[in-house]
Amino acid sequence: TDEEIKALGLLPEDAMELARELSLQGSLLAQLGADPLVAQMIAALHTGSWFSLGSNISVLLSRFGGRQGCKLGALVFNFVYARALKRLQTSMSEHGLLLSLPLPTSTAPWCSSTDPPSTSDAEVFDTTYVDDECIMLAATSPALLDQRIEKALSLLLAVFRSFKLVINWDVGKTECLLKYRGAGAHGAWTARCSSGTPSIPVCDGVRLHINTQYKHTGSIVTSSGSCVPAARANASSTMNAWSKLAHKIFGSPKIKMALKMSLAQSLLFSRLFFATETWTCVSDGALKCLEVMHTRVVRRIAGLWNGKKFDARDPDAPHTTDESVRRSLGAPSVQCCVQQGRLRYVARLIRHAPTTLRALLCNSSTGKQSKWSALVIEDMSAMQSLLKPKLDELPDPREDAQPWVTLIVEFPWEWKMLVSKFR
């Protein structure tokens with residue numbers, strides 16, 4: 001009835017559109033091939049989250065708080081959100097807005113001379129984590145990029161409006177990283193700053209704020225490609241955890257050093273080296289940020305501070321270098337930790353990398369390896385030289401990637417052990 005439709009917060013035309021879509025395509029669960037019994041269980045849970053009082057036909061909704069309405073609300077949202085994003089991708093592809101790259105035939109995230117030629121393409125569209133969506137656009141000139149941005153925003157608004165999704169355009173909620181290159185770059189950027197702050201007009205006076213860095217899925221992305229902001233954020237996060245544990249855990253004489261190192265790895269270094277395996281350029285400034293925090297932790301575990309023992313009363317006690325402290329504890333250097341993380345991440349990419357990521361890593365406009373792939377190859381070559389008796393039979397990864405892929409996929413435990421010995 002009209003009263004029930006109004007109680008659900010729907011307009012009559014919205015209800016008719018929803019009913020028409022259900023009659024044509026069926027429910028989302030049916031489209032996904034879910035078991036009918038599962039659909040009945042979800043319907044029962046959903047029905048149990050609605051309630052009414054007496055003979056009042058109005059549905060009472062819980063609009064605030066951490067647990068709003070249906071227990072499967074997050075799952076239902078993702079179902080609808082995924083359909084909206086899929087339709088957006090289709091619309092952008094039809095308008096030629098997406099970057100299309102050759103899909104490599106090898107599962108290795110780098111190119112080798114023996115790779116067969118690509119037979120298909122992959123479209124670079126987005127990366128999504130729950131409701132944190134990031135869309136990528138690229139063009140051969142600033143003018144063409146502006147045209148694609150304008151068209152992409154119009155398609156985004158149209159698709160989201162059809163699914164009754166509302167975008168929060170506030171600063172810090174929806175932002176844009178914009179980098180112009182080539183002829184006309186300066187003029188295009190100046191035009192974006194005409195309103196005082198860099199922004200892009202959307203509709204009805206709403207503007208999309210342009211930022212130089214953005215935190216996406218826990219890591220900071222910058223328009224310049226610098227990893228220093230991410231390193232500072234990791235060091236700050238590690239310091240927050242360190243300040244609560246420095247004295248009671250890592251300064252306690254009752255806890256053995258081996259246990260302290262294990263705790264540091266799980267509680268501190270997991271924060272310090274978070275997402276460093278994805279960095280395409282590890283600058284000296286970023287390494288310095290990580291080394292300051294890493295040295296603080298390692299020296300505390302070793303019972304050293306400012307180069308001297310905590311219990312040393314002799315002011316002339318000899319200074320102990322950071323390298324000697326690390327060697328005494330068997331701890332790798334910061335550079336080595338970053339390399340090990342990258343090599344472990346290679347194994348994950350070979351098994352689970354989406355096609356778009358593989359296409360991005362294995363394609364370069366200059367015909368060379370991408371920056372990240374070049375770092376991986378350097379790491380593998382260095383590990384092969386260090387562990388020569390065990391890896392001597394493997395070819396150069398740039399010439400033939402398949403033996404390395406076989407080692408990583410068929411012997412995952414052995415690969416982890418080899419990476420842990422690379423220091």
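The following questions and answers concern a predicted model.

Q: Which strand stands between the edge strands β5 and β6 in the open sheet?
A: The sheet is open and consists of three strands with mixed pairing. β5 (175-177) and β6 (199-203) each have a single partner strand, so one side of each is left without a neighbour in the sheet. In the order of the sheet, the strand between β5 and β6 is β7.

Q: What is the bridge partner of Leu177 in β7?
A: β5 and strand β7 (residues 206-211) run parallel and are joined by three bridges. Within β7, the residue that partners Leu177 is Asn211.

Q: What angle does the direction of α6 make with that of β6?
A: Neighbouring strands of the sheet are themselves turned by 35° against each other on average, direction ignored. Helix α6 packs on this sheet and touches both β6 and β7. Between the directions of α6 and β6, the angle is about 40°.

Q: How many charged residues does the contact of α6 with α7 have?
A: Helix α6 (residues 142-162) and helix α7 (residues 185-192) pack at about 35°, with axes 9 Å apart. Pro142, Asp146 and Ile149 in α6 meet Ala185, Ala188 and Arg192 in α7. By class, this contact has four nonpolar residues, no polar residues, and a number of charged residues equal to two.

Q: Is Arg299, the salt-bridge partner of Asp322, buried or exposed?
A: The side chains of Asp322 and Arg299 meet at 2.7 Å, N to O. This pair links distant parts of the chain, with Asp322 in helix α11 (residues 322-329) and Arg299 in helix α10 (residues 284-301), 23 residues apart. Asp322 is partly exposed, at 33% relative accessible area. Because its relative accessibility is 7%, under the 20% cut-off, Arg299 counts as buried.

Q: What separates Arg327 and Glu323 along helix α11?
A: The side chains of Arg327 and Glu323 form a salt bridge of 3.0 Å, N to O. Arg327 is exposed at 64% relative accessibility, whereas Glu323 is partly exposed at 42%. Because the two residues are four residues apart in α11, their separation is about one helical turn.

Q: Which residue meets Arg398 in a salt bridge?
A: Arg398 is partly exposed, with a relative accessible area of 44%. Its partner is also partly exposed, at 24% relative accessibility. The side chains meet at 3.1 Å, N to O, and the partner is Asp396.

Q: How far apart in space are Ala82 and Thr128, C-alpha to C-alpha?
A: Ala82 lies in helix α5 (residues 73-94) and is partly exposed at 44% relative accessibility. In sequence, Ala82 and Thr128 are 46 residues apart. In space, their C-alpha to C-alpha distance is 9.5 Å.

Definitions and conventions. Residues numbered from 1 in each chain as written. Predicted model: local features only at pLDDT ≥ 70, side-chain atom pairs only at ≥ 80, totals over all residues. Heavy atoms only, no water. Axes fitted to C-alpha atoms, helices over the stretch in contact; angles between N-to-C directions. Contact = heavy atoms within 4.5 Å. Nonpolar A, V, L, I, M, F, W, Y, C, P; charged D, E, K, R; others polar. Buried < 20%, exposed > 50% of the residue type's maximum accessible area, 1.4 Å probe, protein only. Pairing = 2+ DSSP bridges. Salt bridge = Lys/Arg side-chain N within 4 Å of Asp/Glu carboxyl O.
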